[in-house]
Structure formats: structure tokens, C-alpha cells
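Colleague: Could you take a close look at how the inside of this one is packed, then work outward from there? I'd like the cut-offs spelled out as you go.

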Amino acid sequence: MTEPVPRPSTPTVQQGSNPTVAQHGKSVPTVQQGPVAAPRENPETPEFPDQLRDRFEPLAVLGTGTEGVVWRCRTPQGDEIAVKVHWANHKADTALLAHLDRSEFRRHVPQLCGHGSFISPYGPIHWVAIELLEATLDQEIRERFAAGWSAGWALGVLRELAQALHFWQTEVGRNPIDVKPDNWMRRANGQYVVVDFGGVVGFTASQQIGSTTMAARAYTPPEQYWQEKGGPWPWWTLGEIAYQLCTGHMRFQRPNGEMLSDEVINRIRALGELDLTDVADERWRSLISGLLTTDPADRWGWVQVEDWLAGGNPPVAARGHAAAPGRSPITFVDGRMFTDPADLAVAMLDNPHAAERWLTGDGRQVLDTWLKKEELQNRFDVLRLRGATTGSARLHSGVLAFGAAFAPEVTPRYRGRPVDSDGLVAVLAEPDGFEFAGEVVLGDVLGTAGGYRCRHHGCGERCAVLDRAAAELPVLVQDAERIITGSGSGALQSGERERLHGMALLLVLRPDEAARVLRPSPWVRLANVPWWRPLAKQFPSTSTAHGRATLLAQGILQERAALQRPRRETGRFSARGVLRKIGAVVVLWYVMIAAAWVAVVLSNGDLAFNGGPDGERQAATLGASAQMVLALPLMVLAVELVLLVRTRGAVAAGVVSAAALGVALPHLPLFTAASSPDLIASQVTSLAEVWAEGIVVGLVLMTAGGLALASLARSWLPETAPRGVSRWSSNRAVIALMALVALASLFWAAVVLRLMIYSADVSTADPGGYAAFLQSGYLLALAAVAAAIALSGRNTIGTLTVAVPAVLVLAAIAKPLPELRFLWLLFLREPLLSFAGLWGQAAFWAALLVHVPLTVVCVRGIRRAVDA
Amino acid sequence: MKRVEVAAITSRGLVRAGNEDRVSVFGWLAPREMTEPVLLTRATSEPVLVVVADGLGGHQAGEVASEFAVTALHTALPDVVADPAQAFGRVHEDLLALGASQPEFESMATTATALLITDVITLCHVGDSRAYYVEPGFVTQLTTDHTEPGGALTQVLGGRPGREVVPQVREVDSADCLRFLLCSDGLHSYVDAAVVREEAALESSFGAARALVRAAFEAGAPDNVSVCVVTVWLEGERDD
């Protein structure tokens with residue numbers, strides 16, 4: 001099988017007589033990179049695909065690039081050609097190739113010797129074979145400057161390139177936008193052709209080309225910002241090449257060969273004065289100025305270049321905003337003078353403190369006078385600088401607005417910080433990010449920043465993302481504040497207000513990211529705080545305005561809820577409280593017994609309601625026997641519920657548990673730990689006799705009585721759990737121990753319940769023992785999880801929340817695995833088996849009444865320890 | 001609710017025999033000759049209007065035109081609130097109709113600069129009278145003179161028939177405290193901008209109006225001069 005073509009880490013396309021794989025210091029990688037095939041072990045030595053060997057004999061690698069690998073090959077006829085093998089899944093424009101494969105285009109389009117595709121394990125791979133060419137323009141420039149530059153050579157190359165561009169735009173009918181020097185190749189006779197078709201597009205007035213552009217940044221025109229890919233585009237690139245033809249280096253290259261940063265390139269390209277001091281010849285300066293005209297409509301094209309080549313001097317349009325020749329200068333701070341408002345705007349955005357100093361002095365008046373004098377007052381409302389002396393927020397908002405009016409291509413900055421969508425998200429992570437967000441939200445900074453150009457797909461001259469955020473934010477903040485105030489938890493405090501603004505900003509810019517932070521954790525969501533519970537019950541969606549406001553309110557209030565969560569009241573003994581608890585236990589027990597009877601009778605409805613007097617008697621007796629069997633387990637359960645749940649919720653939990661046990665009783669093992677006292681047994685039996693005479697009356701009376709007693713029990717229990725100071729140790733070892741006990745206990749209980757449900761299992765004869773046997777095998781894993789819980793720091797509760805269901809799943813599928821036997825703690829097996837043996841056949845009841853409550857106690861203990 | 005304080009003064013100056021300027025504040029028509037500003041204050045949520053009009057001296061009955069304009073605008077205050085430009089257009093048509101019906105009023109014309117204070121503050125303007133926004137150290141002209149480079153007016157209310165009028169309308173969003181200066185060309189044509197900047201920002205509206213007119217007189221007051229210094233507070237910002 002053929003290996004996929006690997007991809008180099010530093011892409012560049014080179015094809016020529018002196019091929020090189022390594023990227024040259026001066027070459028500029030294109031911005032876009034395609035899908036990648038999996039790299040081979042040695043990416044420096046690509047392998048020629050077997051599928052092409054019957055067509056071409058590979059001779060050498062000419063280069064690797066963003067689209068694929070170029071090989072020098074020999075055809076069966078003995079001709080040498082270049083074969084470009086694309087990366088897997090890198091699509092080739094076959095329609096374009098078909099269009100270009102015409103003899104009449106041959107002058108500036110390489111001869112195509114075939115193209116096609118084949119399937120590889122990593123996806124389809126396309127290939128195209130073209131005539132073998134001599135060298136790239138990049139190589140040519142380097143060699144020429146090394147050997148000695150001549151004006152004739154530069155002029156000849158420029159003429160050739162200009163004619164080629166004109167040819168492509170008129171004869172070929174396509175617009176080659178990626179025409180950096182790497183993508184021009186020379187034939188042996190000196191003709192130049194465009195070899196990279198990835199940047200070739202059809203002609204449309206304005207075309208969206210996605211969020212990335214397949215062109216080298218240093219060669220792309222300013223209209224790349226608003227993605228207007230028209231005819232003037234490649235002429236700008238020709239201007240950059242013309243500069244290189246004159247100077248031997250790129251315009252954005254430092255003397256040491258390093259490239260300037262993208263941000264600096266963008267700024268110079270769109271705003272800066274054209275620095276042509278390295279270009280000695282006046283006519284060449286004129287040519288380059290004409291080609292590097294910011295406004296595409298005024299940029300030189302073929303007509304002007306042809307005129308210039310013929311010796312003419314076509315006029316050069318004024319350069320962007322700045323071009324106004326004769327514009328009077330305005331003096332900024334420190335004596336810096338500007339004639340271009342764009343430059344002044346960038347200076348103010350770059351130096352917010354200097355701008356503040358200037359504008360709170362006489363700068364506002366000077367600026368107003370200058371704008372009116374230069375008739376620029378209609379582009380910027382100086383009232384934006386109103387009140388600047390009384391509030392610096394207003395002043396900096398005015399500076400931002402000034403930048404939007406005159407330098408919309410640069411990154412919007414407020415107080416020196418970026419306020420485009422990405423910049424704002426980054427600022428939020430800074431220590432004063434939320435405070436900054438508050439100023440952004442309240443000061444309509446977003447609406448102003450929306451006036452800058454962005455790179456979002458689909459945004460036009462304004463940033464739709466920021467405009468939408470500006471429109472939504474005030475309403476979102478207002479709605480969230482209303483929800484917070486309406487919750488009854490009190491007004492927003494200053495820190496919360498800042499957090500509200502910051503999270504609101506994040507919510508409109510990055511909803512998913514914000515939602516992860518704002519959604520309360522399950523533990524906080526369950527916090528028993530009266531004002532919090534109605535809000536915590538909601539699971540709002542970020543796709544609706546109300547949902548976002550609710551989510552925001554939850555996120556802001558969750559900290560308050562966590563702080564106000566009831567804690568155990570310790571250290572105070574109340575005899576009344578103890579008596580109430582005892583009373584609640586007794587009454588709840590009665591209620592549970594009644595509930596069990598009702599459940600049993602109802603579950604035998606056919607017998608009770610259609611079986612005549614005998615049926616009624618049988619049903620009543622079944623209920624009574626269930627009561628006798630369940631009396632003791634229910635008492636234990638009542639005690640545990642009152643002590644563990646501690647609130648009125650214990651009553652509801654007890655009734656539901658009793659009813660469920662009553663219904664499931666025929667399938668449960670007998671509770672053999674103890675039997676009901678005779679007194680209770682005789683009472684229950686006599687009651688059964690009574691109800692046998694009228695089962696419906698019995699049901700009504702039992703239900704009504706149960707409800708009345710339930711109400712009484714509820715009245716003796718608090719609505720919320722009492723608060724208090726936790727005395728649990730936050731020592732990690734203690735937490736680890738509690739976690740281990742909780743998980744091991746839960747594991748045992750869950751295994752027992754599993755075995756009870758799947759009675760076909762061979763081990764049901766002794767479910768407790770078998771569960772203990774498995775427990776000893778998985779104890780090491782449970783200990784590791786417990787250690788992870790203890791070491792999770794602030795995420796302890798979260799880890800525990802994940803661990804509990806994970807242990808339940810483990811218990812549901814756990815088996816003795818011989819291959820993992822080395823992990824089993826065999827020495828623990830006997831003690832665990834002995835412990836389980838205490839329960840005998842009552843393992844189910846032990847799981848329900850001992851192990852599950854023990855798990856609850858330990859989990860709660862961990863929570864308190866974390867809180868402490 | 002807003003609190004609006006206006007210091008208004010109009011005068012024929014030191015050269016002209018008559019005063020073709022007219023000033024009205026809250027519906028009150030200022031007398032043709034004043035030696036001291038009048039201070040008017042109103043705390044209201046209702047719309048209020050301040051107008052400065054400068055009847056054109058080269059035309060017949062300039063003083064009639066300016067008085068007609070300010071009176072008509074106040075009379076049609078609800079229309080001004082609804083659509084200031086349209087209200088100005090109606091005054092323009094009425095002036096043309098009046099000029100066509102009575103020979104002595106033929107081609108009479110006036111400038112007009114109106115400041116309408118509702119929830120927002122709206123300026124409506126035709127001609128070369130001006131409105132400025134003022135705060136200490138910063139004065140900016142809010143209106144654009146409707147003049148040719150030579151100084152000839154390109155837009156007036158009234159004048160010769162057949163000329164359209166397109167008033168300049170702009171809104172200023174509300175703030176805690178705002179100061180505006182409305183004036184005829186008798187002030188801004190003869191008083192240095194730096195003086196206007198300094199005097200208009202005086203703390204007291206009354207003092208500012210008086211200082212500005214004095215500056216015009218010190219400059220020779222060759223033309224009629226009218227000044228309205230308008231200060232707008234959100235209610236509660238200042239107690240008198």
C-alpha cells in the first residue's frame with residue numbers, strides 16, 4: 001500500500017533546477033493550509049505514490065508546499081516534467097484545470113501534461129503534471145542581486161509580469177490573487193507563468209472568500225480586510241514585487257531579513273506613508289506608488305503600467321486618507337505633527353494616556369478647529385469629545401470613535417486595550433477584566449468598536465458580532481439584574497455587578513464558554529436556600545434572550561447560594577429539638593407502615609376489590625403481614641431519614657420508600673435480623689381483621705390517617721437544614737478515607753442490588769459474600785479514585801460527583817478478571833467476607849439500611865470538609 | 001424633567017438704525033432693543049423652543065420676516081416637535097406666500113436657528129445664524145453656515161420664489177448639563193472665536209450673554225446682534 005504524502009512543518013513551494021526542500025528565509029508561507037495527511041516517520045523524505053509509477057518515473061523532489069509535493073519526473077516518452085501530488089483531501093479545482101488546459105493560454109499558463117486523483121487510506125489524493133520550469137521569481141531575484149542587479153533586467157521582468165497579469169485577467173478570464181514571487185516561474189526562454197492555481201478565482205465584483213485568504217500576507221492589498229477580491233488585487237502584489245525588483249528585499253522586511261509582525265504590516269499597509277527611500281529611481285517610485293495605492297479604485301492597473309512601460313508618467317492618486325497634499329498639520333502631544341487624521345487616530349489609540357492629556361488640555365479645541373478647516377467635520381462628530389474633562393471613559397470612547405472614523409482598518413483599542421471580539425475575551429481573563437468590561441458595557445464601547453473592520457466571515461464594513469453584542473448587552477444585563485433582584489436575595493453588590501458585566505460580555509461573545517462557567521454545579525444547584533431553589537430548578541438555554549439572562553443570574557447568584565447553604569448546627573444541645581426528632585421518627589414510622597399497607601393492598605387490587613369478602617380479607621392480611629415484615633426495617637429507615645435528611649423532605653422520602661418496599665416485598669429476602677415484637681404483631685393482626693370487613697373504608701382511613709400523621713411529622717422537622725460551623729477536618733487523608741469508605745460501601749451495596757435483580761446469577765446464594773469478593777478485587781481501583789478525589793483541591797466535589805455514578809456503573813458490570821488478579825488485594829478478601837457474612841441472607845437489607853446511608857454520611861462529610 | 005435656563009438679548013448694535021433680528025424664548029418674544037439680557041428659567045417635561053432669527057437687511061421687510069418666523073415656529077410648536085424640518089419648510093412657504101400677496105413684503109427673508117428641547121435636544125437651522133455647543137475650554141459650532149465662499153447666503157426662509165429650503169437638523173443626546181449658544185452673525189462675524197470660547201463658557205448664563213454682547217459692541221457692533229445662552233440641566237442637577 002502506498003504511504004500517504006507527508007506534510008512538512010515549514011511549507012514552501014519550490015520548483016526549479018536547484019530544488020530545495022527547506023524554506024528559505026525570505027519566502028513567505030501562505031496563510032491558508034489545507035487538510036493534512038498523517039505524517040510518516042520521516043517527513044523529510046516523501047514517497048512517490050505507487051499509483052502514479054506506471055505514468056511517471058520520479059527523479060527528485062523539487063519542493064513541498066501548502067498544497068502538496070512537487071516531483072521532477074520522467075514520462076515513458078523520456079520527457080522531464082513536474083508532477084504536483086496534493087496532500088490527501090486537498091481538493092484540486094478540476095474545472096479550473098480543464099479551463100486552463102488550452103493551447104491559447106500557453107504564453108502565461110504552464111502546459112498541463114495531465115491531472116487526476118486516486119484514493120489513499122487518508123482520503124483522495126489529486127495530482128497534476130505540468131511542464132518543467134526553470135526557476136521561481138524568488139530564486140531569480142536572489143540570484144540576480146547576488147550576481148549584480150541591472151535596470152534592464154528589472155524592467156524586463158516587470159513587463160513580463162504585467163503582461164502576464166493582464167493576460168490572465170483578460171484572455172484567461174481568471175484573477176490570480178496569490179502571485180507572490182514563489183508562485184511565478186520562469187521558462188528557459190525567460191517567459192513567466194503563474195504556477196499556483198490555489199489563489200486563482202473567477203471575477204466577481206466582490207467575493208467572500210472565507211475567514212482565511214489563500215495569499216501571502218505581505219503581498220495582499222488592504223482590501224483583504226473586507227475581502228473584496230477584485231481585479232486591482234494582483235496589481236498591488238505587482239507593486240510589492242516591483243519594490244523587490246528594485247531593492248532585492250521585501251517592503252516589510254527588516255535589514256536583518258526578519259519579517260515585520262502581521263499587525264505592523266497591516267498598519268503600514270493601510271495607513272502608513274509609503275516609505276520608498278530604498279528605491280533610488282524616481283520613475284520606479286512613481287510606479288510603485290501607483291501600484292501600492294490603498295484605494296483599489298485608484299490603483300494602477302494594466303492601462304497605467306503599460307503607459308509607464310512606454311515611458312509615460314500616469315498620475316498617482318492621493319494615498320488613502322492621508323493623501324491630501326497640502327493638508328495643514330495638527331500638533332499632537334510632544335510636538336508630534338500629523339497631516340493625516342488616520343495617523344493621528346492610530347497615535348491616540350496607541351498612546352491613550354497621551355491622548356487623554358492632550359484632549360483634556362487644548363487638544364479638543366485644536367482638533368475641532370483642524371477638522372473643520374480640513375473639512376473633515378462630517379466624518380467625526382466632535383461632540384463625541386463632549387464632557388471629556390469630567391469623565392475619562394467618555395474621552396476614551398471619543399478616541400475610539402475617532403479611530404473608527406479615520407482608521408477603521410486597525411484593531412480597535414479602548415484605553416490601549418483591544419476591544420475587538422477576540423481582544424475583549426482575552427481582556428476578561430486579566431485581573432481587572434470584569435471592571436474593564438463594566439466600562440465597556442456601560443459606555444457603549446462595543447457599538448463604537450463595531451465601526452472597525454474585522455475579519456469575521458459575513459461582516460461587512462462594520463463588525464456584526466460587536467454590533468449584535470452592543471444591542472444585546474444592555475438588555476441582557478437589565479434582565480439579569482431584574483431576575484436577581486426579583487429572587488429576593490438582595491441587590492447586587494459591587495463585585496457582583498462587575499462580574500455580571502464581565503460574564504454578560506462573555507455570554508454574548510462566547511456563549512458556550514460562558515455557559516460552562518455560569519451553570520451552577522449540581523451541589524450548588526441543590527443548595528437548600530429558599531430564594532435560590534426556584535432559580536436553581538431552571539435549566540436555561542443560551543439560545544433565547546430569557547435563557548441567557550436566567551443563566552447569567554444563576555451564575556452570579558450561585559456564589560451567594562453556596563455561602564448561604566445551610567450548615568450543620570453543632571455545639572448546641574436542644575432538648576426540645578431532640579424530642580421533636582424522636583417524635584418525628586415515631587410518627588414517620590407509623591406513616592411508613594400505613595403507606596406499606598396501602599401499597600400492598602392497592603398492588604393486590606384485583607383481590608381487594610373484585611375478590612369478594614374473602615378477597616378483601618386476603619388483601620388486608622397480605623398488607624398486615626407486609627407491615628409485620630417491614631416494621632423493623634422501616635423503623636431503621638425512619639431513624640436514618642430523620643437524621644440524615646433532617647428536613648421535611650424526610651417524610652416524603654419515607655412514604656415513597658415504604659410504599660416501594662411494600663410493593664416489592666414478595667421479591668425481597670426476608671429481614672431476618674429480628675422479628676417484630678409480639679405486641680406489635682398482635683396489633684397489626686387485629687387491625688387486619690378490622691379492615692377485612694371493609695377494605696375501601698380501611699384504605700380511606702389509613703390514607704387519611706397517614707396524611708395527617710405525615711403532616712404532624714413534617715411540622716416537627718425544619719423546612720431547611722440548620723446552619724452551623726463545620727467541624728469536619730479538611731485534611732486530605734481524612735477526605736481520602738471518607739471517599740474510600742463511601743465508594744467501597746456503595747460498590748458493595750450496588751453489587752448486592754445487582755445480584756438481587758439478576759437472580760439467575762450463580763452467586764445469588766450469597767450475594768453479600770460475592771459482593772465482598774468483588775470488593776476486594778476492585779478495592780485498589782476504588783482507593784485510587786478516592787485519592788484522586790482527595791487531591792482534586794477545589795474540584796473535589798466535582799470529582800466525587802463523577803466518581804459516584806462511575807462506581808455504580810462499575811458495580812453493574814464488575815466481574816472477577818483473572819488478568820487483573822495481580823491488582824487484587826487478596827489479603828483483604830477474608831476480612832471483607834467475614835464482615836459481609838454478618839448480614840447472612842439479609843444482605844439486601846444491609847445494603848439498603850446500612851451501606852447506602854453510610855455512603856451518604858461519608859459523601860456529606862466530604863462536602864463539609866471541603867466547605868470547611 | 002429638564003431645567004432650562006436662557007439668557008437672551010438682542011440689539012440693533014452701534015451702526016444699524018433698526019434691529020431686524022428677532023429672539024423668542026419659550027414663546028416669549030424679546031423686544032427689539034435690549035440693554036441687558038433677560039434670564040428665563042423653566043423646569044418642564046414639555047417641549048420648549050428657543051429661536052434666533054435674522055431678517056435680511058438687503059431684502060424688504062427683514063424685520064417682518066424674522067418676527068413672522070419666530071412667531072410662526074412657536075405657534076406651531078407641536079409641528080416643530082413632530083418634524084422640525086417640515087415646520088421650517090411651512091414657514092418658508094408662508095413667507096413666500098406673504099411676499100407674493102403683498103408687494104411691500106416681496107422677497108422678504110430671514111435666517112432661523114432653533115433649539116428644541118424635548119427628551120433629546122434638536123437643532124434646526126437655515127442661514128448663517130449659528131448654534132454652538134459650549135463647555136469650559138471647548139466650543140464647537142454645531143450648525144453649518146448656508147453660505148457661498150463669498151459669504152452670500154445659499155438658504156433662507158422666504159426670499160425669492162422657487163427656491164427650495166433644506167434645513168440642517170441634528171440631534172444632541174441628553175447629558176447632565178449642556179450649554180448652547182445661539183447667535184446672529186452680528187456676534188460671530190465680528191467677535192474673535194477665542195473671545196466667544198472664553199465668554200460663552202462663563203458659569204452664569206446671564207453673565208455669558210452680557211459678556212458676549214459687550215464683546216460685539218467693543219468690536220464696533222456694525223450689525224444687529226442677538227445672543228441666547230441656553231443651559232439645560234437634568235432636573236435636580238442644580239438648585240437655584
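Modeller: I'll start with the core, then go through chain B, one helix residue, the charged pairs and finally the surface.

Some bookkeeping comes before that. This is a predicted model, so local features need pLDDT of at least 70 and side-chain atom pairs count only at pLDDT 80 or more, while totals for chains, interfaces and linings use all residues; side-chain values use heavy atoms, with hydrogens and water left out. Residues are numbered from 1 along each chain as its sequence is written, with chains lettered from A and ligands numbered from 1 in the order in which they are written.

The largest nonpolar core (buried Ala, Val, Leu, Ile, Met, Phe, Trp, Tyr and Cys residues joined through side-chain atoms within 4.5 Å) holds 133 residues, and B:Phe180, B:Leu181 and B:Val227 have the most contacts inside it. Helix 14 (residues 464-486) of chain A gives the largest share of this core, nine residues. Both domain 3 (324-410) and domain 4 (418-565) of chain A contribute residues, so the core lies between them; those domain bounds come from an automatic or database domain assignment. Zooming in on B:Leu181 and leaving aside neighbours within four places in sequence, its contacts (heavy atoms within 4.5 Å) include B:Tyr132, B:Val134, B:Leu187, B:Val196, B:Leu212 and B:Val227. A second, separate core has 57 residues, among them A:Trp236, A:Leu274, A:Leu292 and A:Trp300.

Now for chain B as a whole. It has six helices and 13 strands, which are DSSP runs numbered from the N terminus (H or I, at least four residues, for helices; E, at least two, for strands). Of its 240 residues, 55% are buried. That label means under 20% relative accessible area; exposed is over 50% and partly exposed is in between (1.4 Å probe, protein chains only). Among chain B contacts with a separation of 6 or more, 72% are between residues 24 or more positions apart. The accessible surface of chain B is about 9,800 Å², with 49% belonging to carbon and sulfur atoms; areas come from the Shrake-Rupley method with a 1.4 Å probe, and for residues only the protein chains shown count as cover.

Over in chain A, helix 16 (residues 511-518) carries A:Ala515, which is buried at 7% relative accessibility. Leaving aside neighbours within four places in sequence, A:Ala515 touches A:Leu507, A:Thr542 and A:Leu551. Its C-alpha atom is 8.6 Å from that of A:Arg548, 33 residues away along the chain.

On to the charged pairs. Side chains of opposite charge can pair when their charged atoms come close. The rule here is a side-chain nitrogen of Lys or Arg within 4 Å of a carboxyl oxygen of Asp or Glu, and it gives 30 salt bridges over all chains. A:Arg510 and A:Asp422 make one of them, at 2.9 Å from N to O. That pair links distant parts of the chain, 88 residues apart: A:Arg510 is in the loop between helix 15 (494-509) and helix 16 of chain A, and A:Asp422 is in helix 11 (residues 421-428) of chain A. A:Arg510 is partly exposed at 29%, as is A:Asp422 at 48%. Another salt bridge joins A:Glu496 and A:Arg560, with the closest N and O atoms 2.5 Å apart. It connects helix 15 and helix 19 (residues 545-564) of chain A across 64 residues, and both A:Glu496 and A:Arg560 are buried.

Last, the outside and the backbone. A nonpolar surface patch of A:Val578, A:Leu579, A:Ile582, A:Val586, A:Tyr590, A:Leu709 and A:Leu712 has about 600 Å² of accessible area together. Patches take residues with over 30% relative accessible area and no salt bridge, joining like charges within 9 Å and nonpolar side chains (Val, Leu, Ile, Met, Phe, Trp, Tyr) within 5 Å. Helix 20 (575-603) and helix 25 (695-715) of chain A each supply at least two of the patch residues, with helix 20 giving the largest share, five. For backbone oddities, B:Ala221 has a positive phi near 40 degrees without being glycine. B:Ala221 sits in the loop between helix 6 (205-218) and strand 13 (225-234) of chain B, buried at 1% relative accessibility. A:Glu375 also has a positive phi, near 55 degrees, but A:Glu375 is exposed at 66%.
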